[in-house]
Structure formats: structure tokens, C-alpha cells
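User: Could you take a close look at one part of this structure for me? I'd like to understand the charged pairs and what surrounds them.

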Amino acid sequence: MMKYLQKIGRSLMLPVAVLPAAAILMGIGYWIDPTGWGADSAVAAFLIKAGSSIIDNMSILFAVGVALGMSKDKDGSAALSGLVAYLVITTLLGTSTVAMLQGVDPAEVNAAFGKIGNQFIGIISGLVAASMYNRFSEVQLPDALAFFSGKRLVPIMTSVAMIVASAILFFVWPVVYTGLVSFGKGISDLGSIGAGLYGFFNRLLIPTGLHHALNSVFWFDVAGINDIGNFWSGKGEKGVTGMYQAGYFPVMMFGLPAAALAMYHTAKTARKKQVASLMMAAGFASFFTGVTEPLEFAFMFVAPALYVVHAALTGISLFIASTFHWTAGFGFSAGLVDFVLSSRLPLANMPYMLLLQGLVFFVLYYVIFRFLIKKFDIKTPGREEDAEEGQATQADGKTKFAAMAAQIYEGLGGDENVTSVDNCVTRLRLEVKDMDKVDQKKIKATGVPGINIVGKNSIQVIVGTNVQFVADEVNKIRKEK
């Protein structure tokens, strides 16, 4: 199960890498025009819309990315099927379609269906599409239907599978969503403890997209709290209104960037540069704009235990801020932009204490994350492989990779022996018919750092961070033959 989650996490790296830049664009645009969201500034509108075109479609990116990453040979038809899967389920379970199916006015449809286009649905769509690709991409139909054989069959079977999934979620999704709203209303009467519980479950539900159900209770007017609206309009009690927002600032501005630093410091030497680029961009996005998904999705699947710790620390942060009545608010998210904008509002109460709390949480996140990663050898980004890997091949031209791939493939026994070729971030992962036919000396002569036999028919060739180029050349050799 853990390996499966880690594979999902690796598949998410491609779409996640796009998110920090989008978040920063939106943050800058919002800084320029915090009240009009671009209505009062053409520059702000341009930046906000450019960023939101990506952030608002995160679930689609996840559907495509997961489908591509989880498919057996990373084929484009798997990615297309991921998009097909997402379009089918979000259309069938969209508010207008559900209203038609139930024969009611769209306004009467359960609010859950208005939130169907979330990251969880995107990931589910990608997993289903990848499964259909792995199962049907090589199926040959009778001659009369031959046009739909193989990879053309995959989107069709994906559509069928998502129709079944939609039928199940038609009944399940509203129950879960409504249950969470009721749960939120229940804990709203618990004061600071309720704020802490809300923060904990808010983060815990991020992977499913169901955090929107809880948010609607505390941030908006579902249960009469309307924390965001009242804070910004000045309606409420100083030190109380904003209690469901303030505790996020220490986490998003300080805690998560510290977690990113810890993951960078514990990454293997060969991958530090690669990890640094992701963590720096995601950490800055979290600090500046309060958009945390680029960072959270970078480790929530590869290291779920750490994500639970993060959720618990978020709950503690909201509990502390609420207990001491330190308040600040956000219209976008709990980053530097909104902190500066909200700190002068009438209902802001000792907001700069949140910065002091943030410094404490910076230390807590860094120490706890670093300790847990090292103690339990948690496979955060950059720790998936051995310390020696990574520097074996430096990109000095396409010819080098082609020559290396040819020799490695020959050493593996060629077409007669190799049955499957895949790669992770630094290794070729291969399946062979007969391990005795593998010439390890010939493979090692290419300069690779090592070979790891992980099963009767499974072998890994450690290449380094340029493994993708070698894998591409190996696949070219297989196709040519």
C-alpha cells in the first residue's frame, strides 16, 4: 500500500511542479488589487487570471498527471484517458445534470455536487484511466472492430468505468459531504478547541477536496459564523471574529516553508539541487500567497505520516491563536499578502503575535520533520534512492545517452530477455525473463553507479537524475526492433 501511495506521489510531481509559479502570479495580482480581484487594475487582472487558469484547474492537471505517471509505459493515450475520465464524472455529477436526473430545480440540488470538480476526483480519474490503460492498451478486437483495438480502446473503457464510478458517487458523495457539514456545525460550539479540530480536519481533508465542506461552515454563512465576511466588513467581536483564519498564518508563512527546508536538508546529495528548486518555489508560494497545495501534494502521498503530523500542528496553531485571541484574516489565503492587508483592519487583534507564533512553528516544523524523516527513513522527495546515485551521468549530448542505453539494453539481454522498462527519478526499473542472461559487467561498464536486483525477474539500474533520457533511448531501441 505504501509503495502504491508513493507511486501516486511521484506521478503528482509533474502537475505539482507547475503550481508554485501560478500561485505567485495570483498573489502578486491580488497584492496589486486586493478588493477588486483584477476589476480595478488591468495588470492585476492579467496576473490573477493567468495564475488562476492553472490553480483553478488543479484537479484536471492531477487527472492527467496521475494517469500518465501510473500507466505502465507513460503513454500519451493514458493521459488523454485521464482527461476523459475527469470530464465524464464531473459532467455526470455536475449540478445541472443532477438536477435533470432528479427532476428538480438546480438550486435544490445538494451543494456537494457543486464541489465535484476537486483534487480527489482528479486523482481518482487518473487512477482509473491508468488502470484501464494497463489492462486494455494491448487488447486486440475482432477485425470488424479493429479500429478500436489497443490504445484507442482505453478512453472507451475508461468512460465506461467512470460511468460506474459516477453511479456510486451519486449516492455516496452527498452523504459524506453533508456529514462533514454537520460535523463542522457540531464543533463550532467548542470555542478554541473547535477551532483546533477544524484546523486539523481541514488539512486532513485536503487530498479529498472535502475540506470545502468544513470551510463553508466556518468561513461563510452556512451556520451563521461567516468568519471571513464578518472580519473584513468589521462586523463581529474583536479577538473572536477571525479565529478560524488566524492560526493558518503561522503554518503557511512559517511552518510549511520550514518543512520544505527540512526535506531539502534530508534529501540525498545527488538530488539536492532538484529538490531545492521544487521546495524553494513551493515554500515561497506558501509564505507569500498562502497557497500550500504545491508543497503539501509534494509529500502527502509519499509520506502520509508526515502529512498527519502537519494536520495536527495546524490544529494546534489554530487552537493557540484562538485561545490568546490573536486574529488576522484573509480574502485569498493565509500568506504574507493577506497578513499585511488584514493587519490594519478594525477586528485585527495583536496580529503581530502571529508572526512570533510563526517563528516558534518554524522551529517546530523543521525539528519535527527532520527528526521523523531521519529516524524512520521516510521517503520524502529526494530520499527515494541510495546516497551514491545521481552523479553518474551528466548531460553532455544526446549521443551519450543513446550509446549508454544501447549497451545497457544489450547487457540486459535485449528483446529476447527484457519484458518491461520503466523508470523513477534516478533508476531504470526493468523486468527480465531470465536473470542469468543479464551481463552486469557490461552494464556497469557504462559508468552507472550500481545495479540492484530486487526480485527473481526484477532489476534496477541506477543511472542518476538524467535517467529519463536513458529510459527514452531504451524505449526507442525497443520500438525500432
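Analyst: Happy to! Let's begin with K379, which counts as partly exposed because its relative accessibility is 25%. Please keep in mind that this is a predicted model.

The partner of K379 is D377: the two form a salt bridge, with their closest N and O atoms 3.0 Å apart. D377 has a relative accessibility of 36%, so D377 is partly exposed too. The pairing does not stop there, since a network of salt bridges links D377, K379 and R383.

Next to R383 in the numbering is G382, found in the loop that runs between α17 (352-375) and α18 (398-412). Is G382 buried or exposed? With a relative accessibility of 1%, under the 20% cut-off, G382 counts as buried. Leaving out residues up to four places away in sequence, G382 touches A267, K268, R271 and V275. Another useful distance is the one to T426: this residue is 44 residues from G382 along the chain, and their C-alpha atoms are separated by 9.8 Å.

A word on confidence for this region. The average pLDDT of the chain is 88, and 96% of the residues score at least 70. Over residues 387-397, however, the pLDDT is below 50, although this stretch has 26 contacts in the model beyond near neighbours in sequence. Where pLDDT is low, predicted coordinates should not be read in detail.

How does this compare with other charged pairs? The structure holds eight salt bridges, and two more are worth a visit.

One of them joins E410 and K442, whose closest N and O atoms are 2.9 Å apart. E410 lies in helix α18 and K442 in helix α19 (residues 440-444), so this pair ties together parts that are 32 residues apart in sequence. E410 counts as exposed because its relative accessibility is 52%, while K442 is partly exposed at 27%.

The other joins the side chains of E473 and K476, at 3.6 Å from N to O. Both residues lie in helix α20 (residues 467-480), three residues apart, which is about one turn of the helix. At 10% relative accessibility E473 counts as buried, whereas K476 is partly exposed at 37%.

For a polar contact in a buried setting, try H310 in helix α15 (residues 304-323). H310 counts as buried, with 0% relative accessibility, and its side chain makes a polar contact of 2.7 Å with the side chain of E296. Setting aside neighbours within four places in sequence, the residues in contact with H310 include R203, Y365 and F369.

Methods
Residues are numbered from 1 along each chain as its sequence is written. This is a predicted model: local features need pLDDT of at least 70, side-chain atom pairs count only at pLDDT 80 or more; totals for chains, interfaces and linings use all residues. Side-chain values use heavy atoms; hydrogens and water are left out. Helices (H or I, at least four residues) and strands (E, at least two) are DSSP runs, numbered from the N terminus. Buried means under 20% relative accessible area, exposed over 50%, partly exposed in between (1.4 Å probe, protein chains only). A polar contact is a pair of N or O atoms within 3.5 Å; within protein, one must be able to donate a hydrogen and the other to accept it, and residues adjacent in sequence count only if both atoms are side-chain atoms. Contact means heavy atoms within 4.5 Å. pLDDT is the predictor's confidence in each residue, from 0 to 100. A salt bridge is a side-chain nitrogen of Lys or Arg within 4 Å of a carboxyl oxygen of Asp or Glu.
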